Amino acid sequence: MMSAALAEDFRALSLRLFRTQDIDTALNDVVHLARQSVPFCAWAGITQVAGHDDSRFVTIAATDPLVSEADDLQYELRQGPCVDAARHDGVFLAGDLRTSHDWPIFGARVTARTPIRSLLSLTIHPAPVRAALNLYSTETHVFAPEAVDVVTLFAAHAQVLLMLTRQTDKAINLDRALATSRVIGNAVGILMYAHRITADEAFDRLRLASSALNRKLRDIADEVTETGQLP
C-alpha cells in the first residue's frame, strides 16, 4: 500500500507536471522523486530509443552524471537492462551485476568502473516513443517486488510527458500544449470512454477536428468537455 507521504509526493509531482513549461525539468522531477521513494536506490534515469531501428539510445533524464556513464556503456555494448527495457516491454533486473548471466560484459565493466552493483529497468509503456525508467543501487539484490509497483507509477508520469513531447512536435506549440494540458487531458479521457479508444487515438481526433474546423485545440477540448462530443 502506498504511504500517505508518497501519495502526497505523487500529488505534488502531478501538479508540477501540469504547470511546468519545461519538459526536461519535469522528467528530472520524475527521476529525482523515484530515487527518493524507492529504498536503496542511489540514482535514477530515463533511457529513450533515439533511432527508428533501435540503433541509438540517449539518456534524457538523470539524477547524477554517473547514470549517463553507466548508460553510455550499455549503449556502446548494446546490452544491459536499460537497453532491453527500452527495446522490449517488461521489467529487467540485475540483482548482482558482478555475476550477471544476462549482461556479463556490461556487468563486469560497470562494476569495475563505478559503484553500481544492481540495476532495475522498467519499460515506459505504452509510450509513443520507446523508453525505460532505470534505478541503480550500490547494494545487491535490494529491489523488492514492491519497488516495481512504485516505479510503475513514476513510469506512468514519464509516459505522459513523452506523449506530450511527441504530440507537440506533431501538432502544436510546446508552451500552449503544456498550458492547456489539463483541459486537453479531460477531453481525451471523455473520448476514450465514449468511443473505447486509446489516448493516442483520442488526441488525434481532437487534433484533426482542430485542423478541419480551423479552431484552437484548446477550444475543441473545451467543447468536448462541455458536450461530451466532438464538434
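Glu-223 is partly exposed, with a relative accessible area of 27%, and this predicted model gives us a few things to work through from there.

**Exercise 1. Find the salt-bridge partner of Glu-223 and say how accessible that partner is.**

Solution. Start with the side chain of Glu-223: it meets Arg-215 in a salt bridge, 3.1 Å from N to O. The cut-off for such a pair is 4 Å, so the contact qualifies. Next, check the partner: Arg-215 has a relative accessible area of 30%, which makes it partly exposed. Glu-223, at 27%, is partly exposed as well.

**Exercise 2. Work out how the buried residues of helix α10 are arranged around its axis.**

Solution. First pick out the helix, which runs over residues 217-227. Its buried residues are Leu-217, Ile-220, Ala-221 and Val-224. Now look down the axis: these residues span an arc of only 100 degrees, so they sit on the same side of α10. Finally, step just past the end of the helix, where Gly-228 takes a positive phi of about 80 degrees.

**Exercise 3. Go through the salt bridge of Asp-96 and that of Asp-204, and decide for each residue whether it is buried, partly exposed or exposed.**

Solution. Searching the whole structure turns up four salt bridges. Take Asp-96 to begin with: its side chain pairs with that of Arg-98 at 3.1 Å, N to O. Asp-96 has a relative accessible area of 12%, and anything under 20% counts as buried, so Asp-96 is buried. Arg-98 comes out at 53%, and the line for exposed is drawn at over 50%, so Arg-98 is exposed.

Then turn to Asp-204, which forms a salt bridge with Arg-207; here the closest N and O atoms are 3.3 Å apart. Asp-204 is at 21% relative accessibility and counts as partly exposed. Arg-207, at 24%, is partly exposed too. Where do the two sit? They belong to helix α9 (residues 199-213), and because they are three residues apart, about one helical turn separates them.

**Exercise 4. Describe how helices α3 and α5 pack.**

Solution. Two packed helices are described by the angle between their axes and the distance between the axes. For α3 (residues 65-77) and α5 (residues 104-113), the axes come within 10 Å and cross at roughly 150 degrees. That angle makes α3 roughly antiparallel to α5. As for handedness, α3 passes α5 in a right-handed crossing. Last, list the contacts: the α3 side includes Ala-70, Leu-73 and Leu-77, while the α5 side includes Ile-105, Phe-106 and Val-110. Charged residues turn up there as well, among them Glu-69 in α3 and Arg-109 in α5.

How values were computed. Residues are numbered from 1 along each chain as its sequence is written. This is a predicted model: local features need pLDDT of at least 70, side-chain atom pairs count only at pLDDT 80 or more; totals for chains, interfaces and linings use all residues. Side-chain values use heavy atoms; hydrogens and water are left out. Buried means under 20% relative accessible area, exposed over 50%, partly exposed in between (1.4 Å probe, protein chains only). Helices (H or I, at least four residues) and strands (E, at least two) are DSSP runs, numbered from the N terminus. The arc is that of the directions from the helix axis to the C-beta atoms. Axes are lines fitted to C-alpha atoms, for helices over the stretch in contact, and angles run from 0 to 180 degrees between N-to-C directions. Angles under 35 degrees count as roughly parallel, over 145 as roughly antiparallel, 65 to 115 as roughly perpendicular and the rest as oblique. A crossing is left-handed if the near helix is turned anticlockwise from the far one by less than a right angle, and right-handed if clockwise. Contact means heavy atoms within 4.5 Å.
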